[in-house]
Amino acid sequence: MSMEKFEFVDSKKDQVNQEVLHLSVQVSHQSFSFAVQQADDSRLLYLRHIPFERIESISELARRLREAIQSDKNLPGNCKEVKAIWVSPKYTLVPESYYEQPFTRKLYELSHPLNELDELHTYALTGMGYQVIYAIPQEIAHELYQVWPEVEFYNQLVPFVQLIEHDQEKHPGTEIYNQAYPDFTDVVIFAENKLKLANPYPVREMNDWLYGIMSIMKQSGLDNPHTELGTGDHFLDGLSDSDTLRKYFGKLRYLKPRIPQYNISFFDSKGVNRFVNLLGIINCA
């Protein structure tokens, strides 16, 4: 289930020079999200979330994305950086010791078929010893390149792992992290300052998510009553009900994006943790 349509515009947005702005775009089969932040301090100036019924056709999704961009007068034409997230479970992690650039396609296809209209991208998870390989549909990329030629593309796992690395500084005891989407969930296990697991799992309803997480915890030797779960980007019915979740997990914490506290305070009632990737991509080099 996707969250409701939402838009926020800071009163000082138009007073800020576009050359110091950072634009984040998130595209999935169920929604578009746009965020404008000041690049130096991550102050949030604009946020728009557009949910819709799932669109399977990439061509139709690209057309809808083009219309959304063209009709949005708050999106900057020129800015310091533009980063886009394509939300998809089709990614693979490869240890640096096994990764060789000429074999990127073959490594990706060990886990997923590559559509001829997809373009492959990689991202090195700095200090963690892994390369993330992910595919971006060419038609989606084309629409964004047309407006912002400098756009960089990411999979949703990239900003999430970066957020986890930052979160570990204050919460080193948290070993399992999750971000849920309407039809899959990413699960990351992080222990002893090392990335142990990062995989997507199919999800259709709340019970899939609950049993899936508990199964992974059991297989990983994590004790349910005492293991802390950090979660963000939750789009499942009931996942925001912390009282229900605490029946299954002894410790539960909703992750916050790395934006100024006054922004977080404003968005607490709006579910700011649903935008941890969109707002966190600004921190990915």
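## Exercises on a predicted model

Helix 4 runs over residues 157–170, so to speak 14 residues in a row, and spans 21 Å from its first C-alpha to its last, close to the 20 Å expected at 1.5 Å a residue. Keep in mind that this is a predicted model.

**Exercise 1.** Work out how many of the 14 residues of helix 4 are buried, and what that says about its surroundings.

*Solution.*
- Step 1: pick the cut-off. Buried means under 20% relative accessible area.
- Step 2: go along the helix and list the residues that pass. Among them are Leu 157, Val 158, Pro 159 and Phe 160, and also Asp 167 and Gln 168.
- Step 3: count them. You get 10 of the 14, so helix 4 is largely enclosed by the rest of the structure.

**Exercise 2.** Find out how many disulfides the structure holds, then check Cys 79.

*Solution.*
- Step 1: recall the cut-off. A disulfide needs two cysteine sulfur atoms within 2.5 Å.
- Step 2: look at the count, which is zero. For Cys 79, the nearest cysteine sulfur belongs to Cys 284 and is 16 Å away, and Cys 79 is in no disulfide.
- Step 3: turn it around. Cys 284 is in no disulfide either, with the sulfur of Cys 79 as its nearest, 16 Å away.
- Step 4: see where they sit. Cys 79 is buried at 12% relative accessible area, and Cys 284 is buried at 1%. Cys 79 is in the loop between helix 1 (58–70) and strand 5 (81–86), where its contacts beyond four places in sequence are Gln 18, Leu 21, Leu 23 and Glu 150.

**Exercise 3.** Take the salt bridge between Asp 72 and Arg 48 and say which parts of the chain the pair ties together.

*Solution.*
- Step 1: get the distance. The closest N and O atoms of Asp 72 and Arg 48 are 3.0 Å apart, and the cut-off is 4 Å.
- Step 2: place both residues. Asp 72 is in the loop between helix 1 and strand 5, while Arg 48 is in strand 4 (residues 44–51), so the pair joins parts 24 residues apart in sequence.
- Step 3: check burial. Asp 72 is buried at 7%, and Arg 48 counts as buried at 16%.

**Exercise 4.** Now try Glu 60 and Arg 63: where do they lie?

*Solution.*
- Step 1: both are in helix 1, three residues apart, about one turn of the helix.
- Step 2: their closest N and O atoms are 2.6 Å apart, which makes a salt bridge.
- Step 3: Glu 60 is partly exposed at 27%, and Arg 63 is partly exposed at 30%.

How values were computed: Residues numbered from 1 in each chain as written. Predicted model: local features only at pLDDT ≥ 70, side-chain atom pairs only at ≥ 80, totals over all residues. Heavy atoms only, no water. Buried < 20%, exposed > 50% of the residue type's maximum accessible area, 1.4 Å probe, protein only. Helix = DSSP H or I, 4+ residues; strand = E, 2+ residues; numbered from the N terminus. Contact = heavy atoms within 4.5 Å. Expected span 1.5 Å × (residues − 1). Salt bridge = Lys/Arg side-chain N within 4 Å of Asp/Glu carboxyl O.
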